[in-house]
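Subject: Handing over a structure

Dear colleague,

I am passing on the structure below, and I would be glad if you could read the notes under it with the structure open beside you.

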Amino acid sequence: MFFSDRATQVWHLLLDSFWPLLKAGIVFTIPLTLITFILGLILGFFTAIARLSKFKALAAIARFYVWIFRGTPLLVQLFILYYGLPSIGILLNPFLAAVIGFSLNVGAYASEIIRAAIQSIDRGQWEAAYAIGMTKRQAMWRIIMPQAVRVAIPPLGNSFIALVKDTSLAATITVGDLFRKAQEIAAERYEPFWLYIEAAFIYLIFCSVLNVMQAQMEKRVDRHVAK
Amino acid sequence: MIAIHDLHKAFKGHEVLKGIDLTVKKGETVVIIGPSGSGKTTFLRCINLLEFPDSGSIQIGDRALTFQPGIRHRSKEVTAFRQRTGMVFQGYNLFPHRTALENVMEGQIVVLKRPKEEAREIAMDLLRKVGLEAHADKYPHQLSGGQEQRVGIARAMAMNPDVILFDEPTSALDPELVGEVLKVMKDLANEGMTMIVVTHEMRFAREVADRVIFMDDGRIVEQGTPEDIFDCAQNQRTRQFLRRLTEA
Ligand SMILES: Nc1ncnc2c1ncn2[C@@H]1O[C@H](COP(=O)(O)OP(=O)(O)OP(=O)(O)O)[C@@H](O)[C@H]1O
Ligand SMILES: [Mg+2]
């Protein structure tokens, strides 16, 4: 019967490609996500501090950076890094170009989240810290930052999940990630529909796992936030 | 001990303190009263430099600072000065991510660089003193307002300040919780702590204050013993203020 033959064929296709896709996800998508998120967080952190600094030049540089990376498409940023830079003599391998592009992008968004979190902390907390003789730096690191981090975790969690999906753009600069692999197999087997469905399914698994982790983390840190 | 001379402060051209002179002796408890907007909070905040006075001078113990428009003191001087003054806030401002005990330890460790164990012992003693020994490991949100404010007082005391400034410490509290905080403050005063207290608790002022100061429109209008002020105020505005207060 045609239908059951076709069903079996699709089933085998999905089974055959599942491991290659998952492997590409584990070898490229996940490391790319983790590395760029950590780098982006560090960058975002210092950018946020710079933007709140009383040194005008530092704040201006930070603002300029955020402006550029939030105001231009990620895809265009990646193309400039990978296809554009070689013309001025800078050759990056695809993975490195992706790491740089995504980190800079995450950094710009994370800095806004962290800045907003710092500014959301009640002024009375600064004043209480100053009143016991703390310096600005001590107040920032001991009193404000620990509270700001708790405020920032939910939106940063959302950025992280968005990043998992955004890494699929790396396929366009030839990184062999999950999506790239799906494209390759789809071309080989003339089965784009099922391959892309399967790729979507694997992304869905990744994101669902992260959702659960995020919810647990939020529950853990939610307890002592200033009300 | 504390000598404040000709203190001026304006916000965007609006003059809030119009030349305040005040000396406070060691161990004295001074209560400041006055209508809303008269500059009481601003005055306290100037004393521990949460606001910078435009001009005048403040001396606390052996540290003296003179203020002039446009001249900023080095942050080292500022923090050293602030360490000498404790502040108890109307809204408590406890650190929500720290337990009661840690709130009292924080400044000792970070600012005074006391060893952790010593800081813990001192903090525990202070919590005992304010009657919160049993609540040492609770977080601020697990405490009542009265308990939070008592932690706030212990936190200020932990720094061994020369003076503690109280800005309406009981006005955010439910009436039934006011007494426990005033009791702690009274004990402190009896032990010889130097205190400047902005409050509308007239019974406290009568019983505890060595001196009552009436502020109005950025100036000290009248001062004297509680009896002087409450029973035979000389100034018309003082009398008016007190009459309205007792009517309310
Ligand atoms: N940061 C500020 N910026 C601008 N104006 C301010 C600021 N702080 C206080 N003021 C103004 O200064 C005046 C005195 O305020 P302050 O808080 O010192 O009064 P107060 O005597 O403590 O009043 P209350 O009894 O209501 O607490 C008010 O008119 C207030 O609006
Ligand atoms: Mg006030």
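In what follows, a residue is called buried under 20% relative accessible area, exposed over 50%, and partly exposed in between. Please keep in mind that this is a predicted model.

With a relative accessible area of 43%, A:Ile26 falls between those two limits and is therefore partly exposed. A:Ile26 belongs to helix H1 of chain A, which covers residues 2–51, and together with A:Trp19, A:Val27, A:Ile30 and A:Leu34 it makes a nonpolar surface patch of about 460 Å². As general background, an α-helix has 3.6 residues a turn, so residues three or four places apart point the same way.

Further along chain A there is helix H6 (residues 136–166), which spans only 37 Å between its end C-alpha atoms, whereas a straight helix of 31 residues would span 45 Å at 1.5 Å a residue. In H6(A) there is also a kink of about 45 degrees at A:Ile144, shortly before the proline A:Pro146.

In chain B, two residues deserve a look for their backbone angles. B:Asp6, in strand S1 (residues 2–11) of chain B, has a phi near 50 degrees, a positive value in a residue other than glycine, and its relative accessibility of 33% makes it partly exposed. B:Glu168, which sits in the loop between strand S7 (163–167) and helix H6 (175–190) of chain B, has a positive phi as well, near 40 degrees, but B:Glu168 counts as buried because its relative accessibility is 15%, which is under the 20% limit.

With best wishes

Notes:
Residues numbered from 1 in each chain as written. Chains lettered and ligands numbered in written order. Predicted model: local features only at pLDDT ≥ 70, side-chain atom pairs only at ≥ 80, totals over all residues. Heavy atoms only, no water. Patch = residues over 30% accessible without salt bridge, like charges linked within 9 Å, V, L, I, M, F, W, Y side chains within 5 Å. Areas by Shrake-Rupley, 256 points an atom, 1.4 Å probe, with all protein chains shown as cover. Salt bridge = Lys/Arg side-chain N within 4 Å of Asp/Glu carboxyl O. Helix = DSSP H or I, 4+ residues; strand = E, 2+ residues; numbered from the N terminus. Buried < 20%, exposed > 50% of the residue type's maximum accessible area, 1.4 Å probe, protein only. Expected span 1.5 Å × (residues − 1). Bend = angle between axes of the 7 residues up to and from the residue.
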